[in-house]
Amino acid sequence: MSVTFTITNAPEVKTWCECTCVINMGQPIPDCPICKGKGGHIYQEPAPGYSVDLANESARAVLRLIGLGCGDDLWGNIDIDEMPYVRRRILMALNSNVSIEAELKPASHTPGGHAGIRIEHHDNIAEIVHMGARVHNAGLSSERIRRHIHSIDRLIELAQRENQPITFG
Ligand SMILES: [Zn+2]
């Protein structure tokens, strides 16, 4: 899960994506359920630099540090007149090791099979199945948090130049 911070009315980059029917058959299939014979579709995304994508855990830490932490809600917006305040908070956060340290999370690793076993029967053979997938969590280091905060600061700087609010969610 991740949170995308996007500048409103960002210029969009359009890319033509060829449909799988064209890739497979060499030409559009008239009754293709995906492209309905058009042979593909236009894929739109904000131009590079106009959006920043953070994992939920990172977004939550960054929002708290820059004074926008609002409980568990990971969506909202940064209005234009709010931006100078947020950028001051960003400076303060980057200068405060104490508040960044409060958000650190160690990397963790959960080996597979941690959730017990169950027995499955296949014909006359009983098989012991270990449950629980292997989980690796990169954690949050001070460097990563600082890098995320810098990327949000650059996004706000661009939003101020474009005079557009930022939405996130
Ligand atoms: Zn198609």
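The following legends describe close-up views of a predicted model.

**Figure 1. Overall view of the chain and its two domains.** The chain contains five helices and ten strands. Domain 1 is assembled from the segments 2-10, 47-105 and 140-168, whereas domain 2 covers 108-135. The centres of domain 1 and domain 2 are 40 Å apart, taken over C-alpha atoms. Along the principal axes, the C-alpha trace spans about 65 × 50 × 25 Å. The radius of gyration of the chain is 23 Å, while a compact globule of 169 residues would have a value near 15 Å. Of the 169 residues, 17% count as buried. Among contacts between residues at least 6 apart in sequence, 65% join residues at least 24 apart.

**Figure 2. The largest nonpolar core.** This core has 24 residues, and those with the most contacts inside it are Val62, Ile152, Leu155 and Ile166. At least two core residues are supplied by each of strand E1 (2-7), strand E4 (51-55), helix H2 (56-65), helix H5 (142-162) and strand E10 (166-168). Helix H5 provides the largest share, six residues.

**Figure 3. The surroundings of Ile166.** Leaving aside residues up to four places away in sequence, Ile166 touches Phe5, Thr6, Ile7 and Thr8. Its further contacts are with Asn77 and Ile78, and with Leu155, Ile156 and Ala159. Ile166 is also one of the residues with the most contacts inside the largest nonpolar core.

**Figure 4. Helix H2 and its packing partners.** The buried residues of helix H2 are Ser58, Ala59, Ala61, Val62, Leu63 and Leu65. These buried residues pack against strands E1 and E4 and against helix H3 (83-94), helix H4 (97-101) and helix H5. One of them, Val62, is among the residues with the most contacts inside the largest nonpolar core. Gly67 follows helix H2 and has a positive phi, near 80°.

**Figure 5. The hairpin of strands E7 and E8.** Strand E7 (residues 117-122) and strand E8 (residues 125-130) pair in the antiparallel sense over six bridges. Arg118 has Val129 in strand E8 as its bridge partner. Two residues lie between the strands of this hairpin, and Asp123 in the turn has a positive phi of about 55°. Strand E7 lies largely in the open, because the number of buried residues among its six is zero.

Terms used. Residues numbered from 1 in each chain as written. Predicted model: local features only at pLDDT ≥ 70, side-chain atom pairs only at ≥ 80, totals over all residues. Domains from an automatic or database assignment. Core = buried A, V, L, I, M, F, W, Y, C linked by C-beta atoms within 7 Å. Buried ≥ 20, exposed ≤ 12 C-beta atoms within 10 Å, placed from the backbone. Helix = DSSP H or I, 4+ residues; strand = E, 2+ residues; numbered from the N terminus. Contact = placed C-beta atoms within 7 Å. Rg over C-alpha atoms; globule rule 2.2 N^0.38 Å. Pairing = 2+ DSSP bridges.
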